[in-house]
Amino acid sequence: MTRANPAAEAVRATAQTVDSGTPPQPAIPPLDVDAIRKDFPILSRLLPGGRPLIYLDSGNSSQKPVQVINVMREHLEEHYANVGRALHTLGSESTDAYESARDKVAEFIGAPARDEVVFTKNASEAINLVARSFRGRSEPAAGFGDERFRLGPGDEVLISEMEHHSNIVPWQMLCERTGATLRWFGVTDEGRLDIGDLDELLNERTKIVSLTLQSNVLGTVNSISPIARRARQTGSLLMLDASQGVPHMPVDVVETGADFVAFTGHKMLGPTGIGVLWGRAELLDAMPPFLGGGEMIETVSMEGSTYAPVPAKFEAGTPPIVEAIGLGAAVDYLSAVGMPSIKQYEQELTRYALDALQDVPTLRIIGPSNPISRGGTLSFVLGDIHPHDVGQILDDEFGIAVRVGHHCARPLHRRFGIPATTRASLYLYNTRDEIDALVRGLHHVRTIFG
Ligand SMILES: Cc1ncc(COP(=O)(O)O)c(C=O)c1O
């Protein structure tokens, strides 16, 4: 008789159920959160009054590990020069480092080609880049006449009510400029995307659908495949705002079925000032340049210019060099920890937090209250106590950093009939102890407000 091998047992899928019939999957290694926390110098800082920092605002901007800080410092101290144009040693070292960051990002998101990764300033710029690529029917094509990027009255752009303003305003501006109509999916009471009207909302008139992968307020992770399938049927383009997705879960851009994916470096352990637009090569080729300037041209004469191939066509001027290199280091860090492990850890922590928050009387979660298909973004109202008061007391008395307000999602707050929420957003370095501290802090806030 063979005895069970504990090591082999440990390699069984955590998600596998006994009778599911699915083949065993390798277990996802757990995170060593204590070790991870040591990589983030700021997490050991004491706030005024000697309170330890409890940082629950990573949905806003994440903290940075020493590995990212060091790579950026080392580049500035030893290799820094402008990229692409300087032929000296530092110029080529800097260019190599910048382009190697592009390789890292491309591999991280499963991009079929490195040139499909365009560096932008942030996610907002990446979305604007795509929105600005569309021209009205009466505008001159200027050499970029692809019909997929032309629209006018009678055409439609589809978004949702749960979008960040960055994925609303550029499309409103496009519709104002061209006469196209903006339409949107609603949100259910539970905080899920309402795709009941999918076939009606996403139709042959829809030129582009742009949706968030994970809501920055509700935490909801949207199921993209039915929308991607329908977009293929109707010939519509599909863009994903993955600003809250790429930092927290494995994302393979091809598997999403999207044509464009935007995300932002500072929410995924990288610096500010760097974002990414991934797009299918054939579409990026067909799009006009976004900004004009140095490095995006092939030739320039006083009579006119021709443009460089992608990605240079979209990277006018001196790019955020050190920031891109920092993002490359962040991608290295996330890959070494393992995105499946990060996702699994955050799911466990979210489950714990949702349970723990239930103990706080009058607290109402805005978003799914079960941990299925949702990330660790926990927005809530606490009776009729103003979120600004909640945030201030948590900060002043408990050292807890949360975000309060509408989180750049006013239409979503209006949908739920509230002006603002308090939002705790989790990341790989947060712990159950920090959730417990949050719950204690919220009980205290209630006591203060009677
Ligand atoms: C879902 C979502 N989209 C877009 C953005 C905009 O990111 P950035 O400000 O880096 O452009 C954010 C930032 O909060 C976000 O949460």
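Visitor: What makes Arg-415 and Asp-189 a salt bridge?
Guide: A salt bridge is a side-chain nitrogen of Lys or Arg within 4 Å of a carboxyl oxygen of Asp or Glu. The closest N and O atoms of Arg-415 and Asp-189 are 2.6 Å apart. That is within 4 Å, so the pair counts. The count between domain 1 and domain 2 is 1 salt bridge.

Visitor: How do you know how far to trust such values?
Guide: This is a predicted model, where local features need pLDDT of at least 70 and side-chain atom pairs need pLDDT 80 or more, while totals for chains, interfaces and linings use all residues. Residues are numbered from 1 along each chain as its sequence is written, and side-chain values use heavy atoms, leaving out hydrogens and water.

Visitor: Where do the domains begin and end?
Guide: Domain 1 covers 28–57 + 338–448, and domain 2 covers 69–335. These bounds come from an automatic or database domain assignment. The C-alpha centres of the two domains lie 29 Å apart.

Visitor: How do you know that domain 1 and domain 2 are in contact?
Guide: Contact means heavy atoms within 4.5 Å. By that rule, 36 residues of domain 1 are in contact with 33 residues of domain 2.

Visitor: What makes an area count as buried between the domains?
Guide: Buried area is the accessible area (1.4 Å probe) that two parts lose on being put together, summed over both. Here the value is about 2,700 Å², with 57% from carbon and sulfur atoms. On the side of domain 1, Met-339, Leu-412 and Arg-415 lose the most area, together 24% of what that side buries.

Visitor: What makes Ser-124 a residue near the ligand?
Guide: A residue is near a molecule if one of its heavy atoms lies within 4 Å of it. An N or O atom in the side chain of Ser-124 is 2.6 Å from a ligand oxygen. That is within 4 Å, so Ser-124 is near. Ser-124 is among the nearest of the 13 residues around the ligand, as are Asp-241, Gln-244, Thr-264 and Lys-267.

Visitor: Why is the pairing of His-164 with the ligand called a polar contact?
Guide: For a ligand, the rule asks for a pair of N or O atoms within 3.5 Å. An N or O atom in the side chain of His-164 is 3.2 Å from a ligand oxygen, so the pair passes. Ser-243 passes too, because its side-chain N or O atom is 3.4 Å from a ligand nitrogen.

Visitor: What is the omega of the cis peptide bond that joins Val-310 and Pro-311?
Guide: Omega is about 0° there.

Conventions. A polar contact is a pair of N or O atoms within 3.5 Å; within protein, one must be able to donate a hydrogen and the other to accept it, and residues adjacent in sequence count only if both atoms are side-chain atoms.
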